[in-house]
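Welcome! Let us take a friendly walk through this structure, one strand at a time.

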Amino acid sequence: MEQPVRRNQLSRREWLHRASTVAAVIPVGFSPLARLLAVNLPQNPQSQPQNVAAPPTENNAPLFRSDPTKYRFTKDDEALLEEIQQACFHFFWDQTNPTTGLVKDRSQANGPDSRNVASIAATGFGLTALAIADHRGWENKRLIRERVLNTLRFVESRVPQAHGFFCHFLNMETGERVLQSEISSIDTAIFICGVLTCRTYFQDAEIYDLATKLVTRMDWGWLLHGDKTLSMGWTPEKGFIRAHWDSYSELMMVYLLGLGAGSGGMSAEAWDAWTRPVFEFNGIRYIGSHAPLFVHQFSHAWFDFRGKRDKYADYFMNSVIATKVHKLWCLELARQFPDYTEDLWGISASDSARGYAVWGGPPAMGRIDGSVVPCATGGSLPFLPEETIRVLRTIRDKYDKTAWKRYGFVDAFNPLTNWYSRDVIGIDVGIILVMAENARTGFVWEQFMKNDVAKTGMLRAGFHAAPPDETPANAQPVIPKGYPVWVLQ
């Protein structure tokens, strides 16, 4: 009998918050913050891998493409992405309760199973998938619209909520809370992004009305509960989660939704309340986080940061840089794991042979073992299109009998040990589907950014047009005087 995947009792973000205290970094400069973080540095620096020069790029190509959004996929690339996206959509079509509209958190990669735990975040990706499918003609338009309406009606009227925010995990038949999951700020935000995508794409009065009700009843002041930064969530047993959205991660979508919410939203000062740690890897600087690669992807699935910046950074180009650094780091790991090459790289939070793993780097977090996580590159398609589709093509062609199933790529696999996950996870399938569409057409960005909530949020956060000649090389983050820079080892 298949064993369920064990999940930590902490929320995913609480786990990351605790894990972030283990930092294999060296501060440049010194401040009270640097002194505090230095307490957690390894006592024996010789035990850490030494920094090495970045591997040369092929054919002496530039380290960064000046504007990845101008890249054009070949016909073969388009055919591959179409196949991948349709397979991802099958997950959201098959693994959704058609009455409630709630999407299963995970499923066997080859089809249905008996598990009935839904994820409110996977449901948000599912709503976005329905808009993409309608746009591309993958399913009957009447059935798609019916599915969207069923989802919004059920969640608005039947799913338990606190001040407009929803539990992370739900029973997909009843909508009731399961696994003692938290009322989750980030997972609710992902759901709302899907809701807003449908509100503007489907020209339907009831969809618009239901979506507006879901958005306007969110009480952002409750989630702040008197602090400057948002809590990651709340449980009826213990109250507010102690961890806050106080440092760069996928948090941008949460704050931008709150800033765009009007009278029930947050003050503009909230955008300045969270920190933006500056990392350096082989001389390349970017705003980062001690967390897996998905933190550079999720907010970009809906909010269009292209050609825009606030007073701190160009976040789209920052994700370009962070993804490139992640690739270079994987290639350095080839000394230990020879499967990592230009054709095969990418690690993000995923299944592993030991259960669910919050792993990635740099710096290395988790027990890296040579596994490959397809959503690491699939979710980065808009940032490094040429390099990421190369990896996806390798997995599709070379591992078509083992790492490719009905719903596309398995969640993770290890070619060195011949281990392959049996499952797909909704949010990992979702980020591949949405970012592939954005890389191809920008469709999700276009539809989502029509919402006043999105436009107002970015305006109140201080976003403005980035210089047209800005490139990743000169789009590095603004570093205040005395601010520590963390050199990754």
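**Starting from one serine**

Not counting its neighbours within four places in sequence, Ser184 is in contact (heavy atoms within 4.5 Å) with Phe166, His168 and Met232. This is a predicted model, in which local features need pLDDT of at least 70 and side-chain atom pairs count only at pLDDT 80 or more, while totals for chains, interfaces and linings use all residues. Residues are numbered from 1 along each chain as its sequence is written, and side-chain values use heavy atoms, with hydrogens and water left out.

Is Ser184 buried or exposed? Its relative accessible area is 1%, so Ser184 is buried (under 20% relative accessible area, with a 1.4 Å probe and protein chains only). Ser184 belongs to strand E7, residues 183-184 (strands, E, are DSSP runs of at least two residues, numbered from the N terminus).

From here we can step out to the sheet. Strands E7, E8 and E9 form an open sheet in the order E7-E8-E9, with antiparallel pairing (two strands pair if DSSP finds at least two bridges between them). Its edge strands are E7 and E9 (239-240), each of which pairs on one side only. Strand E8 (residues 233-235) is joined to E9 by two bridges, and the two run antiparallel. Trp234 has Phe240, in E9, as its bridge partner.

Further along there is a hairpin to visit. Strands E10 (residues 278-281) and E11 (residues 284-287) run antiparallel and are joined by four bridges. Phe279 has Tyr286, in E11, as its bridge partner. Two residues lie between the strands of this hairpin, where Asn282 takes a positive phi near 50°.

Note on methods. Buried means under 20% relative accessible area, exposed over 50%, partly exposed in between (1.4 Å probe, protein chains only).
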